Structures are given as C-alpha cells and as structure tokens.
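Visitor: I have a structure to look at and no idea where to begin. Can you walk me through it?

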Amino acid sequence: MQPEFDLIIAKGRIATAADSFSADIGIRNGRIVALGQLSGARETIDASGRLVLPGGIDAHVHLAQDGAPGIVMGDDFETGTRSAAFGGNTTVMPFCVQKRGQSLREALKDYHARAEGACYTDTSFHLIVTDPTEQVLGQDLPALVAEGYSSLKVFMTYADMVLSDYEILGVMKVARKTGALVMVHAEGFDAIRFNTEQLEAGGGFGPKFHAISRPEPVEREATHRAATLAELSDVPVMIVHVSGGEVIDEIARARGRGVKVLAETCPQYLVLEEGDLDREGMEGSKYVCSPPPRDRTAQEACWQGLIDGTFDVFSSDHCPYRFDETGKLTPDGKRSFRWIPNGIPGIETRLPILFSEGVKKGRIDINRFVALTATNPARIYGLRNKGTIAIGADADIAIWDPDKTVVIGQDKLHHGTDYTPYEGLEVTGWPETTILRGQVVVRDGELVGRPAGGHVLRPVSGMEQGVKAGR
Ligand code: DUC
Ligand code: ZN
Ligand code: ZN
C-alpha cells in the first residue's frame, strides 16, 4: 500500500499569523493536506523542540540586476535563492528593471531567462517602470498586469530611473484601471542632487556623505508627495524601505486622510546606523544603501511601527555588491560617494535578525513575525497558496531551532557577495531546514535541493488581486 503522505513534519510547534499550536503536518504532492496526529508517510521529519513556520517570503530583493558599466551585482538567481533558502525563505520577489528605451516585455523576457531553471526558491517578479511611454501605459502595462505582473515600482530619485510627478500620475492611472499595486522609492531627486553638489564642493567625498546627502526630510517629503499622488489617483501605494519616524508620521497622516498607504521596513533600519558609513577608509561603503540607516531614534520608531501595525511587510531589500572593484570599490566610487552602488546584502539574515531582535527580545510575538515576513507579503502581492500553514497551502515550511545562537559572519552565509553588513551580530534562533512545495531544499544546514527546484510564479491578475486585498 502507498503511504498516505509523502512527508510528515512531526511534533513541531507551528505558528501562523493567527495562531500557535502543536501538530503534525501531512504533505502530499507539494501541498499541506492534513494537520493533526498523523502517521503513514514515505518520510518523517522529527520537529520536536522546533518551531515550524511558513517559509519566509522576501518581497523585496534584487538579483542579477544590471547596473552602471563595470558594476556587477553580487548575486544571480542561483546564489541569491540559495542564500534565501538557507535563511528560511521559500519565495523571493526580485525586480525586473525596464531600461529606458526598452519595452517591458523585452525586460521581462530577459529576467525570466536569468531566473528560469536557476532558483532554489520560488520567485515572483515585480516590475520597475523607468520609461512610461504611451505604449507602456496604454498597451504593455495593462496587458502585463492582467497576466499577473501586478506590482510595479517607481523611483523618485536616481538620474537613470527617476519619474516626474506627471509620469507617476500616468502610472497610477493605469494602476487604478488594472488593480496593480504601485511601490514607491520615496527620496526626492532634486534635494539629493543639490546636497550632493554642495557636499562635493566642500570636499565631502567619502561614504559617510552618502547619508548626509539624503537625510530623513528628503525621504519624508517624497513620501508625502507619493501619498498625495496616490490620493489624487485613488490608488493604494506601497512605500518601500521606510527608514524612520518622520516618514512613519507622514504615512500616518496620509492614512488619516483615508489614503491607502502600505509600508515596508527592512533589517538595516533596525540594527545599522548612519555612523556605520563613517567606518575607516572605504569600509563605510559596505553600508551604503538608500535610504541610509539613521540613528537610534529612527530605529526605535521602526520598531514601534512593526509593533503597532504601521508596517505591513518586512523585507530584506537584498541588493548585493562585492567589496571590490566590481562593486563598492569602483574607481569612481572611491572618488566620490555619489558613485558607490547603493545596496547591501541581507537575504539570508532578514529572518534571524527579526526573530532574534523582535521575537526573542519580546518586542513582537511570533504571529506578528509570521504576518510580516510571509503571510502579508503573500496576500498583498497575490501569491496564491503561499505564506501560511493550512490545509490546501503549498508545503513551504521552515523548521527553526528557536534557541540556537549564531554570530552572523560572512563565513556562515551562502550569498554570492563577499561580506555581510551584519558581521558580528549575535542572534538567537536560526532556520535549520527549509522545505519548498514538500521538497527539502536545506536539511539541518546542508544544501540538498537543486537550483531548478524553484518555480517562477505568476501572482493572480491585478484585478483579482485588487478585489482580494480590498483595494
Ligand atoms: N532601492 C532599493 O530598493 N534597493 C537598493 C537601492 C535602492 O535605491
Ligand atoms: Zn528603492
Ligand atoms: Zn530595493
């Protein structure tokens, strides 16, 4: 007789966004089909003394993204998703970037080719729109949103990506019609440009001036503008990588007016500080990201936002560059902070940092942890059957040792880049085994999956998603 289940995860303590309970999980054909006291499986994993959580969904990562000439991203889809799996994740959401002059479909074809057959986790793309032509707004974007590419990011800064308010309104009009979710990088281009020129004129070239060129008011002003454009367009908006209290206050004000503002924060805004950019020589470049980490007060505000529900999602914003001439140490970057590629790695450390600093230290409970890191991203971005432990859901599961203490270090991580900004940070709680659609990818800290194991997903269409998420 065939056993009833392909896999049973036995005797673990399960947590979802709503509940914590002890049960066995029965898995067949990649799905969870039973919860209870179970027997009869081809394989049983003993999870006694362990925490059994939905696999993490990292809703904001950058993999194999093209950069300025000579700059190479530190992770492709293989190394990035491998690192994600070691960090307890089963789905990642990278960006497909439209270059100016390029069609969205061409960009997608390109990024799909990079991802297909290379992923250890499931993967689902957001779009980045940098060139909202009539063709893009009138034809391509509506068609792609209907096909399931229902989230797109726009930038309010960076010379090669920035959209004007007029252009953002054009994108939001399409979002209104199609149910897409607009994600915004909210930092004001002109203020950063002006500050950068002033700083350089005064001899300020080192990495620390990156943070000085884009203080929190620059982010606050852009957040106010993004929320106002969303208000005018009657669409929801997701403010990504929020760094501190002034921005949180702006979000609260917009919500008070009835604007549907969703918000994300990231580990760097909880445990890194502006002072990290002022480390010796070019060491500070390892912490250059945008918005930059700020101060203790900003960190506390972000914690408060995680506790009180201001933040809907907690993502890594993994954007890896090596500490060499292909990344943080390009000749131009050594000349001035303005050329240091923006971004830091963190796909593997996102969950342990939030678990340790949040759950273990009693700031948030385990259910909020699951909501922020798996359940909410699945709901907001329309990832069917993902982000929870329930009958019918994909068997995407991470088994954690909640008491294991790890000192984070480059030597322990599996990403493609050559440093971690979290070097030396001690955390308690670590994911040991990661299971994707019923297949073990990482078992007791050893890689056993294949790079072709992950699927490139299409979320539900924009309209379906909009209705479900109450937009
Ligand atoms: N924005 C991101 O979302 N990631 C890295 C760099 C940036 O500006
Ligand atoms: Zn951004
Ligand atoms: Zn990002």
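Guide: We can take the ligand, then the cavity. This is a predicted model, where local features need pLDDT of at least 70, side-chain atom pairs count only at pLDDT 80 or more, and totals for chains, interfaces and linings use all residues. Residues are numbered from 1 along each chain as its sequence is written, and side-chain values use heavy atoms, with hydrogens and water left out.

Visitor: Which residues are around ligand 1?

Guide: Those with a heavy atom within 4 Å of ligand 1 are His60, His62, Lys153, Tyr158, His185, His241, Ser290, Asp317, Cys319 and Asn342.

Visitor: How do they split by type?

Guide: Two are nonpolar, six polar and two charged. Ala, Val, Leu, Ile, Met, Phe, Trp, Tyr, Cys and Pro count as nonpolar, Asp, Glu, Lys and Arg as charged, and the others, Gly among them, as polar.

Visitor: What about His62 and Asp317?

Guide: A side-chain N or O atom of His62 is 3.1 Å from a nitrogen atom of ligand 1. For Asp317, the distance from such an atom to a ligand nitrogen is 2.9 Å.

Visitor: How much of ligand 1 does the protein bury?

Guide: The protein buries 95% of the 240 Å² that ligand 1 exposes when taken alone (Shrake-Rupley method, 1.4 Å probe).

Visitor: New topic. Which element gives the most to the lining of the largest cavity?

Guide: H13 does, with four residues. A cavity is a set of points on a 1 Å grid over the protein atoms alone where a 1.4 Å probe fits but cannot get out, and lining residues have an atom within 4 Å of a point. Helices have at least four residues in a DSSP run (H or I), and strands at least two (E), numbered from the N terminus.

Visitor: And what is that lining like?

Guide: The lining has eight nonpolar, four polar and no charged residues.

Key: Chains lettered and ligands numbered in written order. Polar contact = N/O pair within 3.5 Å; in protein donor to acceptor, adjacent residues only side chain to side chain.
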